[in-house]
Protein chains: 2
Amino acid sequence: MLKLSKKADYALMALQHIASVQPGDVTPGRVVNTKEIAEEYNIPLELLAKVLQTLSKNGMIESHNGPKGGYLLARSARHITIAQILESIEGPLGLTDCSHERSGELCMQREHCNIRTPLLKIQDSIYQLLNNMTLQDMLSGTPLITIQSPSAEGVTR
Amino acid sequence: MLKLSKKADYALMALQHIASVQPGDVTPGRVVNTKEIAEEYNIPLELLAKVLQTLSKNGMIESHNGPKGGYLLARSARHITIAQILESIEGPLGLTDCSHERSGELCMQREHCNIRTPLLKIQDSIYQLLNNMTLQDMLSGTPLITIQSPSAEGVTR
DNA sequence: TTAAGTGCGACCGATACGATCGGAGATCAT
DNA sequence: ATGATCTCCGATCGTATCGGTCGCACTTAA
Ligand code: FES
Ligand code: FES
């Protein structure tokens, strides 16, 4: 359950890779082209290309055309969150179909719905989780995220 | 993204409903049959039936056959976690395909994979989140879950 | 014995996803 | 200027999954 798409996986791998060759915080670093990433991680080339395109369209990375072209981070890895990356590929986070309902449309009698509120809270928690973790955190390898819940059973920590 | 299936939604609604007619902690309460729930929440009857069957098979609820039959919680609402419910329906939590890889099978060169560890951490955090919230919490309406992350940008609270 | 109810398996249609192809633009080296 | 790369973009296709439906066997209270 809650599996995220292959495309999203690829996006994370690619960004992690691009970030890893971009040493400093501001250092432009070298450009990385699609084929390099695809071969490194055994990702189907054309599919990865598509993923990178959307990532670029969503302002995560910058593209440079022509020979010696390729991609590089649009901003510092410290300012790219996991949530941003995933939402670029898979669209907005939403546990249920009716999470982002505009005023008009209706779920099945929202009046009778008994799970909307709690689910939205869970959804929000997950979002915080993903949005508090940056690409930089993935690189340095110590996300170290903790959770607190009032429900007695302290499984955490 | 991260949308959970309709069946899972239905499971949550149904369990919430069953729990709501089972007042006390131990009180047996009255049995609830499929049709009652289906009509209350506009859920296709047969599909809901299937969901309830798997829930019963997974020990979330008890089934009683024959006329005046129906379902009731197998244990106190306080001891049924959201994670258990969802996993009963959608299978084990796993952000990537290779989350629960048994020893044998391989992802695409796990050696080169740069996102496995951080993703597993995120996955674990989400699991804690879901497993710390019980059906009882959904009933009383105050989950109140908070998250702490070391990444400076304190979006939370 | 009969009607109400669960249990179970097979089945279908739609949708989403992974994956592929073809070609148009852009850029750089020569 | 020319050609070789390489990114960009749209269209397309097969398949797996999911939502939803049927039909029938089994169990049990009245
Ligand atoms: S599932 Fe849509 S409002 Fe409850
Ligand atoms: S995606 Fe499977 S090991 Fe990284």
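**Close-up 1. Leu2(B), in the segment before α1 of chain B.** Helices here are DSSP runs of H or I with at least four residues, strands are runs of E with at least two, and both are numbered from the N terminus. Leu2(B) has a phi near 55 degrees, a positive value in a residue other than glycine. Leu2(B) is also buried, with a relative accessible area of 4% (buried means under 20%, exposed over 50%, and partly exposed in between, using a 1.4 Å probe and protein chains only). Before we go on: this is a predicted model, in which local features need pLDDT of at least 70 and side-chain atom pairs count only at pLDDT 80 or more, while totals for chains, interfaces and linings use all residues. Residues are numbered from 1 along each chain as its sequence is written, chains are lettered from A and ligands numbered from 1 in the order in which they are written, and side-chain values use heavy atoms, leaving out hydrogens and water.

**Close-up 2. Asn42(B), in the loop between α2 (34–41) and α3 of chain B.** Here's another positive phi: Asn42(B) sits at about 60 degrees although it is not a glycine. Asn42(B) is partly exposed, with a relative accessible area of 44%.

**Close-up 3. The largest cavity, with a volume of about 40 Å³.** Rolling a probe the size of a water molecule over the atoms shows where empty space is left. A cavity is a set of points on a 1 Å grid over the protein atoms alone where a 1.4 Å probe fits but cannot get out, and its lining residues have an atom within 4 Å of a point. Searching the whole structure turns up one cavity of 30 Å³ or more. Leu2(B) is back again, as one of the lining residues, which also include Leu4(A), Ile82(A) and Ile126(B). α4 (82–90) of chain A and α5 (116–131) of chain B each give two or more residues to this lining, and α5(B) has the largest share, with three. By class, the lining has nine nonpolar residues, no polar and no charged (Ala, Val, Leu, Ile, Met, Phe, Trp, Tyr, Cys and Pro count as nonpolar, Asp, Glu, Lys and Arg as charged, and the others, Gly among them, as polar).

**Close-up 4. DNA strand D and the 22 residues that surround it.** A residue is near a strand if one of its heavy atoms lies within 4 Å of it. Among the closest are Asn33(A), Ser63(A) and Lys6(B). Of the strand D atoms within 4 Å of the protein, 65% belong to sugar or phosphate and the rest to bases. A backbone N or O atom of Lys6(B) is 2.4 Å from a phosphate oxygen of strand D, and a side-chain N or O atom of Tyr10(B) is 3.1 Å from a phosphate oxygen. The surface near strand D holds six nonpolar, eleven polar and five charged residues.

**Close-up 5. DNA strand C, with 23 residues around it.** Lys6(A), Pro67(A), Thr34(B), Ser63(B) and Tyr71(B) come nearest. Sugar and phosphate make up 70% of the strand C atoms that come within 4 Å of the protein. A polar side-chain atom of Tyr71(B) lies 2.3 Å from a phosphate oxygen of strand C, while one of Lys50(B) lies 3.4 Å from a base nitrogen. α3(B) gives the most to this surface, with four residues.

Notes
A polar contact is a pair of N or O atoms within 3.5 Å; within protein, one must be able to donate a hydrogen and the other to accept it, and residues adjacent in sequence count only if both atoms are side-chain atoms. On a 1 Å grid over the protein atoms alone, a cavity is a set of points where a 1.4 Å probe fits but cannot get out, and a pocket is an open set with protein on both sides within 12 Å along at least five of seven lines; lining residues have an atom within 4 Å of a point. Grid points are joined across faces, edges and corners, and a volume is the space filled by probe spheres set on the points.
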